[in-house]
Amino acid sequence: MNNITTPTFAMPRWVFVGLISLLTLTVFNPAHAAENYNIEVIVFENYTQKAWTEEVWPADVEQPSTQNSVSLSQIGSAPLGIGQAPKNLTQVVSKMSGSQGYKILFHQAWSQTAGNSSKSPSVIINAPAQTGSQLNGTVKLYKTRFAHVAVDLTLDKIIPTRIRDDFARHQKISANLLPTHWRFNLKDARKIKPGELHYIDHPQFGVLVQITPKS
């Protein structure tokens with residue numbers, strides 16, 4: 001009986017090295033690994049009244065979902081990976097006084113582990129009504145190849161008396177049917193570079209956020 005020999009194919013060394021390198025980058029690349037950051041968030045209201053009539057604002061904005069989110073009262077809970085962090089943007093806050101047309105609604109800092117979007121917690125952001133404004137929503141810090149921050153916030157603002165008629169005409173609503181407050185939504189997600197101060201804007205309010213690697 002003749003012996004049948006199965007042919008073998010030698011993989012070129014450059015192909016083998018390339019595959020190993022690709023697998024190493026995919027599995028072990030630290031850019032995809034969870035990291036610990038300090039995050040500081042400032043939410044502020046813009047007093048500019050022309051913003052009310054710059055565009056047509058939807059009347060049916062829902063509150064952001066806080067399901068599977070954590071509150072800042074849970075800071076220090078080890079399983080959540082969230083802890084205390086120092087505030088480094090106090091000078092920024094001090095410059096955003098009422099005379100500049102802004103009002104600070106929220107300013108907090110915390111530390112957390114930033115993993116992929118499904119594993120990183122959303123942190124509940126809220127502030128009680130102050131001079132007619134109510135802030136609610138979430139902020140999420142997560143990491144894919146780069147760190148990202150996602151915000152989903154609503155702000156209920158009292159409609160200023162002096163612009164109610166103009167606002168009603170702009171919205172095509174009878175002035176006597178206008179509610180006392182109008183709800184605005186700021187929802188965005190973007191890549192964020194550690195150490196830089198990032199601004200997420202909206203005509204009615206905005207967010208300043210900064211992250212730094214936790215030492």
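Biologist: Is Lys172 buried or exposed in this structure?

Modeller: This is a predicted model, so every value here is computed from it. Exposed means a relative accessible area over 50%. Lys172 has 76%, so Lys172 counts as exposed.

Biologist: Where along the chain does Lys172 lie?

Modeller: Lys172 belongs to the loop between helix 3 and strand 8. Sequence distance and spatial distance are separate things to read. Lys172 and Val56 are 116 residues apart along the chain. Their C-alpha atoms are separated by 9.2 Å.

Biologist: What about Pro203, and which elements does its loop join?

Modeller: Its loop runs between strand 9 (198-200) and strand 10. Partly exposed sits between the cut-offs of 20% and 50%. Pro203 has a relative accessible area of 27%, so Pro203 is partly exposed.

Biologist: Which residues does Pro203 touch, leaving out those up to four places away in sequence?

Modeller: Pro203 touches Asn46, Ala51, Glu54, Glu55 and Trp57. Take Asn46. Pro203 and Asn46 are 157 residues apart in sequence. From C-alpha to C-alpha, the two are 7.2 Å apart in space.

Biologist: Now a buried case. Why does Thr154 count as buried?

Modeller: Buried means under 20% relative accessible area. Thr154 has 0% relative accessibility, so Thr154 counts as buried. Look for Thr154 in strand 7, residues 147-158.

Biologist: What does the side chain of Thr154 make a polar contact with?

Modeller: Its partner is the side chain of Gln63, at 2.8 Å. Gln63 also appears among the residues that Thr154 touches, once those up to four places away in sequence are set aside. Others on that list include Val61, Leu135, Arg183, Phe184 and Phe205.

Biologist: How many aromatic pairs does the structure hold?

Modeller: The structure holds 6 aromatic pairs. One of them joins Phe44 and Tyr199, with 6.0 Å from centre to centre. Planes under 30 degrees apart count as stacked. Here the angle is 25°, and the pair is stacked. The pair links distant parts of the chain. Phe44 is in strand 1 and Tyr199 in strand 9, 155 residues apart.

Biologist: How accessible are Phe44 and Tyr199?

Modeller: Phe44 has 4% relative accessibility, so Phe44 counts as buried. Tyr199 has a relative accessible area of 42%, so Tyr199 is partly exposed.

Biologist: What type of pair do Phe167 and Trp182 form?

Modeller: Phe167 and Trp182 form an edge-to-face pair. Their centres are 5.1 Å apart, with 85° between the planes. Phe167 lies in helix 3 (residues 164-171) and Trp182 in strand 8 (residues 181-191), so the pair ties together parts 15 residues apart in sequence. Both residues are buried. They also belong to one aromatic cluster with Trp52, Trp57 and Phe184.

Biologist: Last topic, cavities. How many of 30 Å³ or more does the structure hold?

Modeller: Start with the general idea. Rolling a probe the size of a water molecule over the atoms shows where empty space is left. This structure holds 1 cavity of 30 Å³ or more. The largest cavity has a volume of about 60 Å³.

Biologist: Which residues line the largest cavity?

Modeller: The lining is made of Asn38, Ile39, Glu40, Pro86, Asn88, Ala109, Gln210, Ile211 and Thr212. Strand 1 (35-46) and strand 10 (205-213) each supply at least two residues of that lining. By class, the lining has 4 nonpolar, 4 polar and 1 charged residues.

Definitions and conventions. Residues are numbered from 1 along each chain as its sequence is written. This is a predicted model: local features need pLDDT of at least 70, side-chain atom pairs count only at pLDDT 80 or more; totals for chains, interfaces and linings use all residues. Side-chain values use heavy atoms; hydrogens and water are left out. Helices (H or I, at least four residues) and strands (E, at least two) are DSSP runs, numbered from the N terminus. Buried means under 20% relative accessible area, exposed over 50%, partly exposed in between (1.4 Å probe, protein chains only). A polar contact is a pair of N or O atoms within 3.5 Å; within protein, one must be able to donate a hydrogen and the other to accept it, and residues adjacent in sequence count only if both atoms are side-chain atoms. Contact means heavy atoms within 4.5 Å. On a 1 Å grid over the protein atoms alone, a cavity is a set of points where a 1.4 Å probe fits but cannot get out, and a pocket is an open set with protein on both sides within 12 Å along at least five of seven lines; lining residues have an atom within 4 Å of a point. Grid points are joined across faces, edges and corners, and a volume is the space filled by probe spheres set on the points. Ala, Val, Leu, Ile, Met, Phe, Trp, Tyr, Cys and Pro count as nonpolar, Asp, Glu, Lys and Arg as charged, and the others, Gly among them, as polar. Rings of Phe, Tyr and Trp (its six-membered ring) pair if their centres lie within 6.5 Å; planes under 30 degrees apart count as stacked, over 60 as edge-to-face and the rest as tilted.
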